[in-house]
Each structure stands twice: as structure tokens, then as C-alpha cells.
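Here are a few worked exercises on helix packing and burial. Grab your viewer and try each task before you read its solution.

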Amino acid sequence: MSAGTTGWTVTTVLDELKANGSEDNRAGMARFGIDTTHAFGVPMSVLRPLARRIGKSPDLARELWATGFHEARLLAILLTPPKAMSSELATAWLEDIGSWDLCDQLTNVLARQKESDRLVAPFAADEREFVKRAAFALIAWRAVHAKSAPDEEFHDYFELIQNASGDGRNFVWKAVHWALRQIGKRSAALHGHALALAQELHASEDKTARKIGREAVRELSSDKVLVRLGLVQA
């Protein structure tokens, strides 16, 4: 649907966002490391229902993104169907991103694109914090959403994870950790390889790699994960 058929415009959407924002929510966003310079303070619990009311609208999404407002950009991502989230669009939007929540929401949609795996390596090679985070967030989301992708795809990511495991930037190492855990939980076949890498990182001399490895070992060795993958009896 276009903005014209739904009755929503950039102006009416921004009015809705302003009406639902609050200083308390802005303060909460800031505590979680989100840049609130251009934020209204609207929680996702409001944005998701609003996105459903508006309906998918790639054209309106692009207009909202151009406003620069944080929640307008979150809404733009929610209004963009996976088929419309091209590699070119995702890469262009990533150029503007300076918050982990925008990065993660964008890669959540992008991961549903069949060939989005092609973006992992170039994103991982980019040293800008949120582009690099996008590589590992994309891996994590593909481990969840790319149901038909072969395990071989995820084997290829172990080297990228190992190479990035010493990056101490908060928003990078957390995504690296997330990617490793999600691969290890994707299938019984991948679990052993992911756990082995987690154990190797846990023994590293690098403190960030040790932290990633320690937390990944803890989760991948848990009864909950082992039972779900059929590696032990319930």
C-alpha cells in the first residue's frame, strides 16, 4: 500500500509519534545506549501497533527515513516488507545509523531476504561500529529466519566471528557473541562447531574474546539448548 491509499502521510505519522512520546521514555532509551538527539521517546510497544495500522508502505517508509527522527526511522523499517529491503537500500540506510536498535531492526528485516548473506562479509570488513555490528546481527537473524539456508553458510561465519572476537567496542562484541550463540542453537550439526569455537575463545588471552567465549559456552552447554537440539534426553 502507498501512503496515498492508507491515508497516512509523513506529517500525520510525525504528529502521531509526537503525541506518543515522553521524556521518561527518552531517558530510558538513553540509559540503554540509544542516541536520543532526534527521538520523541516512543516505545516499540507503540510503534509496532502503529506500523500495523499504517500497513506496509515502502514509499512512505523512505519519506519517514529522510526525516531523520529516530522513531520515524524505526517505523520506516517496520513498514518495509522484506522483498523491498534490497541490499542497496539496507546499505544506504546503514550509512545513517548510529544506534544499535536501528541496526538490529534493519538486519532483522534484511535477514529474511534470500541472498542477504552476501552482505555479511563486506559489513564485517567495515570498521565503522554499526556497520560492523550489522554483519553479526545479520548472521544472528539469518540463523533464526533463513530456514532453508544450508549449514555450510554458517560454517563460513566462524572465521569472521573469531577475527572480530577481540573488538572491544560494546556494540560490536555483543553482536559477535549473539551471532555465535545463534549459530550454535540453529542445529545439532552446527552446535558442536560453535561450542568448540566458544571454548577456544574462552581460553584466549584477549579479555573480550574470553568474555564472548565464556557466555557462549554457558548458553550452548545449558540443558535447555542441549534438549531442544536433541543432544541429550529431557
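## Exercise 1: the surroundings of Ala124

Leaving out residues up to four places away in sequence, Ala124 touches Lys132, Ala135, Phe136 and Leu160, where a contact means heavy atoms within 4.5 Å. A word on the ground rules: this is a predicted model, in which local features need pLDDT of at least 70, side-chain atom pairs count only at pLDDT 80 or more, and totals for chains, interfaces and linings use all residues. Residues are numbered from 1 along each chain as its sequence is written, and side-chain values use heavy atoms, with hydrogens and water left out.

Task: place Ala124 in its helix and decide whether Ala124 is buried or exposed.

Solution. Start with the helix: Ala124 sits in helix 9 (residues 120-125). Helices here are DSSP runs of H or I with at least four residues, strands are E runs of at least two, and both are numbered from the N terminus. Next, accessibility: Ala124 counts as buried because its relative accessibility is 11%. The cut-offs are under 20% relative accessible area for buried, over 50% for exposed and partly exposed in between, with a 1.4 Å probe and protein chains only. Last, a distance: Ala124 and Asp156 are 32 residues apart along the chain, and their C-alpha atoms are separated by 13 Å.

## Exercise 2: two aspartates

Task: classify Asp59 and Asp223 by accessibility.

Solution. Take Asp59, found in helix 5 (residues 58-67). Its relative accessible area is 49%, so Asp59 is partly exposed. Now Asp223, which lies in helix 16 (residues 223-228). At 60%, Asp223 is exposed. For C-alpha distances, Asp59 and Ala84 are 10.0 Å apart with their positions 25 residues apart in sequence, while Asp223 and Ser165 are 25 Å apart in space and 58 residues apart in sequence.

## Exercise 3: helix 12 against helix 14

Task: work out how helix 12 and helix 14 are oriented and what their contact is made of.

Solution. First the geometry: the axes of helix 12 (residues 157-164) and helix 14 (residues 188-202) come within 11 Å and cross at roughly 15°. Axes are lines fitted to C-alpha atoms, for helices over the stretch in contact, and angles run from 0 to 180 degrees between N-to-C directions. That makes helix 12 roughly parallel to helix 14; the classes are under 35 degrees for roughly parallel, over 145 for roughly antiparallel, 65 to 115 for roughly perpendicular, and oblique for the rest. Then the residues: Phe158, Ile161 and Gln162 of helix 12 meet Leu190, His193, Ala194, Leu197, Glu200 and Leu201 of helix 14. Sorted by class, this contact has 6 nonpolar, 2 polar and 1 charged. Nonpolar covers Ala, Val, Leu, Ile, Met, Phe, Trp, Tyr, Cys and Pro, charged covers Asp, Glu, Lys and Arg, and the others, Gly among them, are polar.

## Exercise 4: helix 2 against helix 4

Task: do the same for helix 2 and helix 4.

Solution. The axes of helix 2 (residues 10-20) and helix 4 (residues 44-54) come within 12 Å, crossing at roughly 155°. That makes helix 2 roughly antiparallel to helix 4. On the helix 2 side, Val13, Glu16, Leu17 and Asn20 meet Val46, Leu47, Leu50, Arg53 and Ile54 in helix 4. The tally for this contact is 6 nonpolar, 1 polar and 2 charged residues.
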